[in-house]
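Biologist: I'm happy at the bench, but reading a model is another matter. Could you take me through one, feature by feature?

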Amino acid sequence: LEKRLKDNDRRIAVQAAGILSGRQDHPYLDSYKKAFSDADSAIRLEAATTALKMNIKKAIPDLIALLNDRDTSVKITAVAALAGLGCQNLEAGDIIVKMLVDQNPLLVNQALSALGVIGDKRYLSAVRAKLSDPNELVHAAAKIANSLSQLSLENTLSYAKTWVAPTCSSQPRANRGFVKSALMNVHLSER
């Protein structure tokens, strides 16, 4: 893995740095941190994707910085990674809530997912406004985020087992990531 840090394919080098940075016994590598601000959007995208795949919570501040990226695919991936990592940072939420007015339904879907994970009531009215969205993907994500935000932590696990988990297979493919991150958040909230 250490040899991969010097790979000619910079995406592979970023993956290796991310994997090493995610290990408990390893420091957060400067080369991985730099990938989040690389001039090449493919490298920034790889850094965010690796953070999610490898569950690198140390990358949360760098992912929050990517929320303002000029590349929409990087933003979508950063939001998805923050949701998947169970990020409950209100600074991130304040940036993410502004994404709900974006014209890209994939970005809005991921933003709703992340706001559901953050779970702060201040975002509830913005989530509810998306309940009337004509896009099926956005509407479904808004329904789930709205429902989860109304539950206490004690009831969230019960809700997820009786409603979210059985409907996971019926969700649109792109919305399954939201359901997974909602279930991950439920699991984390049990601790």
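Modeller: Sure, let's begin with Asn-55, which sits in the loop between α3 (41-53) and α4 (60-66). This is a predicted model, where local features need pLDDT of at least 70, side-chain atom pairs count only at pLDDT 80 or more, and totals for chains, interfaces and linings use all residues. Residues are numbered from 1 along each chain as its sequence is written, and side-chain values use heavy atoms, with hydrogens and water left out.

Biologist: What about the backbone there: is the phi of Asn-55 positive or negative?

Modeller: The general idea is that most residues other than glycine have a negative phi. Asn-55 has a positive phi of about 55°, although it is not a glycine.

Biologist: And how do I read accessibility: is Asn-55 buried, partly exposed or exposed?

Modeller: Buried means under 20% relative accessible area and exposed means over 50%, with partly exposed in between (1.4 Å probe, protein chains only). Asn-55 comes out at 40%, so it counts as partly exposed. Across the chain, buried residues make up 47% of the 191 residues.

Biologist: Now the overall layout. How many helices and strands are there in the chain?

Modeller: Both are DSSP runs, H or I over at least four residues for helices and E over at least two for strands, numbered from the N terminus. The chain has 11 helices and 0 strands. Its pattern along the sequence reads α-α-α-α-α-α-α-α-α-α-α.

Biologist: How do I read two helices packing together? What angle do α1 and α3 make?

Modeller: You fit lines to the C-alpha atoms, for helices over the stretch in contact, and take the angle from 0 to 180 degrees between N-to-C directions. Helix α1 (residues 10-22) packs on α3 at an angle of about 30°, with the axes 9 Å apart. That makes α1 roughly parallel to α3, because angles under 35 degrees get that label (over 145 is roughly antiparallel, 65 to 115 roughly perpendicular and the rest oblique).

Biologist: Which hand does the crossing of α1 and α3 have, left or right?

Modeller: If the near helix is turned anticlockwise from the far one by less than a right angle, the crossing is left-handed, and if clockwise, right-handed. α1 passes α3 in a right-handed crossing.

Biologist: Which residues of α1 and α3 meet?

Modeller: Contact means heavy atoms within 4.5 Å. On the α1 side you have Arg-10, Arg-11, Val-14, Gln-15, Gly-18 and Ile-19, and they meet Ile-43, Glu-46, Ala-47 and Thr-50 in α3. By class, that contact has 4 nonpolar, 3 polar and 3 charged residues. Here Ala, Val, Leu, Ile, Met, Phe, Trp, Tyr, Cys and Pro are nonpolar, Asp, Glu, Lys and Arg are charged, and the others, Gly among them, are polar.

Biologist: α1 also holds Ala-17. What does Ala-17 touch?

Modeller: Leaving out residues up to four places away in sequence, Ala-17 touches Leu-5, Leu-29, Ser-31 and Tyr-32. At 1% relative accessibility, Ala-17 counts as buried. Ala-16, another residue placed in helix α1, is buried too, with a relative accessible area of 2%. Its C-alpha is 10.0 Å from that of Ser-31, and the two residues are 15 apart along the chain.

Biologist: Let's return to α3. How does α3 lie against α5?

Modeller: The axes of α3 and α5 come within 9 Å and cross at roughly 15°. That makes α3 roughly parallel to α5, and the crossing is left-handed. Ser-41, Arg-44, Leu-45, Ala-48, Thr-49 and Leu-52 of α3 meet Ser-73, Val-74, Thr-77, Ala-78, Ala-80, Ala-81 and Gly-84 of α5. The classes there are 7 nonpolar, 5 polar and 1 charged.

Biologist: And what is the crossing angle of α5 and α7?

Modeller: Helix α5 (residues 72-84) and helix α7 (residues 105-118) cross at roughly 20°, and their axes come within 8 Å. So α5 is roughly parallel to α7, and this crossing is left-handed. The residues in contact include Ile-76, Val-79 and Ala-83 of α5 and Leu-107, Ala-111 and Val-117 of α7. By class, this contact has 9 nonpolar, 2 polar and 1 charged residues.

Biologist: One last loop: where is Asp-133?

Modeller: Asp-133 lies in the loop between α8 (124-129) and α9 (136-149). Its side chain reaches the backbone nitrogen of Asn-135 at 2.8 Å. A polar contact is a pair of N or O atoms within 3.5 Å; within protein, one must be able to donate a hydrogen and the other to accept it, and residues adjacent in sequence count only if both atoms are side-chain atoms. Not counting residues up to four places away in sequence, Asp-133 touches Val-138 and His-139.
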